[in-house]
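Colleague: Got a minute? I'd like to go through this model with you, starting with the charged side chains.

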Amino acid sequence: MKTTLLNKAALTTGSALLLTAMMGSAHAEPTGYDQLTFQTEIKEEVQNDEVRSSLYKKAQATDSKALATTLNTSINNAMKIAKRYPSVTVSTGQQRTYPRYDKNNKIIGWTGQANIDLKSTDFAATSQLIADLQETLVMENLSFGVSDTKKDALEQKLMTDASRAFQQQAKNLTSAWSARGYRVVNVNLNTGSNYPRPMYSAMSMKSDSLESVPSQSFESGNSTISVTANGTIELTK
């Protein structure tokens, strides 16, 4: 885990930002002169703790009713299998149905696809569930990220760190400009995330062999969570 601090400074006449914090006298108003706008950024790299995946069943039939029966039966069976893994959140995903035409533009059949989506912080259970489902479904994608719980807790910490970094930079700039002090005109806190690990696709269907699909070992990788504090201070001389 590593933390990076970045600072930027520039002269400006001020701008409207979302979060305003006033320092100094309660009745003192910014003059619009001797103002500095700058930004501080705190970044922290953390290990991904959540896996997401989508699997689908694709089928064809001569009429839409038969197609719906095939797809619904397959998805219902997949949901039954998924109930064996309570630590994995499972939901029905996208469903698409479209006609097939012959050369005379006449409908000769139907093609459809139904998805289920998985989400969990239990990698072992998710990997085994995916393996079980791949007996009849195809895995469309697999991705890793930071769970909302972990991300929210880290962003709270980083917002405090970014605010402190902003104040420290304000003090440094005050000294650099030989000012007596400063007051904050406005400050805006923004959060951001970078998930460098790409999504994976797998196109393998059930094998003709009687052997079951082996579970996959996951390497979740890392993500970078960041918070920036940008705003304007007014120097007092």
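Modeller: Sure. Glu 44, Lys 157 and Asp 161 are linked in a network of salt bridges. A salt bridge here is a side-chain nitrogen of Lys or Arg within 4 Å of a carboxyl oxygen of Asp or Glu. This is a predicted model, where local features need pLDDT of at least 70, side-chain atom pairs count only at pLDDT 80 or more, and totals for chains, interfaces and linings use all residues. Residues are numbered from 1 along each chain as its sequence is written, and side-chain values use heavy atoms, with hydrogens and water left out.

Colleague: How many salt bridges are found in the whole structure?

Modeller: The search finds 4. One of them joins Lys 157 to Asp 161, at 3.0 Å from N to O.

Colleague: Where do Lys 157 and Asp 161 lie?

Modeller: Both are in helix H3, residues 148-176. They sit 4 residues apart, about one turn of the helix. Helices (H or I, at least four residues) and strands (E, at least two) are DSSP runs, numbered from the N terminus.

Colleague: Is Lys 157 buried or exposed?

Modeller: In between. Lys 157 is partly exposed, with a relative accessible area of 40%. Asp 161 is partly exposed too, at 22%. The cut-offs: buried is under 20% relative accessible area, exposed is over 50%, and partly exposed is in between (1.4 Å probe, protein chains only).

Colleague: Which residue does Glu 234 meet in a salt bridge?

Modeller: Arg 183, with 2.7 Å from N to O. This pair links distant parts of the chain, 51 residues apart. Glu 234 is in strand E8 (residues 222-236), and Arg 183 is in strand E7 (residues 181-194). Both residues are buried.

Colleague: And what does Glu 50 form with Arg 52?

Modeller: A salt bridge, with the closest N and O atoms 3.2 Å apart. Glu 50 is buried at 11% relative accessibility. Arg 52 is partly exposed at 40%.

Colleague: Back to H3. What is Leu 158 in contact with?

Modeller: Leave aside its neighbours within four places in sequence. Then Leu 158 touches Ile 42, Glu 44, Ile 225, Ser 226 and Val 227. Contact means heavy atoms within 4.5 Å. Leu 158 is buried, at 0% relative accessibility. Its C-alpha atom is 6.5 Å from that of Ile 42, although the two are 116 residues apart along the chain.

Colleague: New topic: sheets. What is the order of the strands in the open sheet?

Modeller: The order is E4-E5-E3-E6, with antiparallel pairing. Two strands pair if DSSP finds at least two bridges between them. E4 joins E5 (residues 107-120) through 11 bridges.

Colleague: Which strands stand at the edges?

Modeller: E4 (89-101) and E6 (138-145). Each has a single partner strand, so one side of each is left without a neighbour in the sheet.

Colleague: Which helix packs on the sheet?

Modeller: H1, residues 64-82. It touches E3 (50-61), E4 and E5, and its direction makes about 15 degrees with that of E5. Axes are lines fitted to C-alpha atoms, for helices over the stretch in contact, and angles run from 0 to 180 degrees between N-to-C directions.

Colleague: Last one. Which residue in the loop between H3 and E7 has a positive phi?

Modeller: Ser 178, which is in that loop. Its phi is about 55 degrees, although it is not a glycine. Ser 178 is exposed, at 63%.
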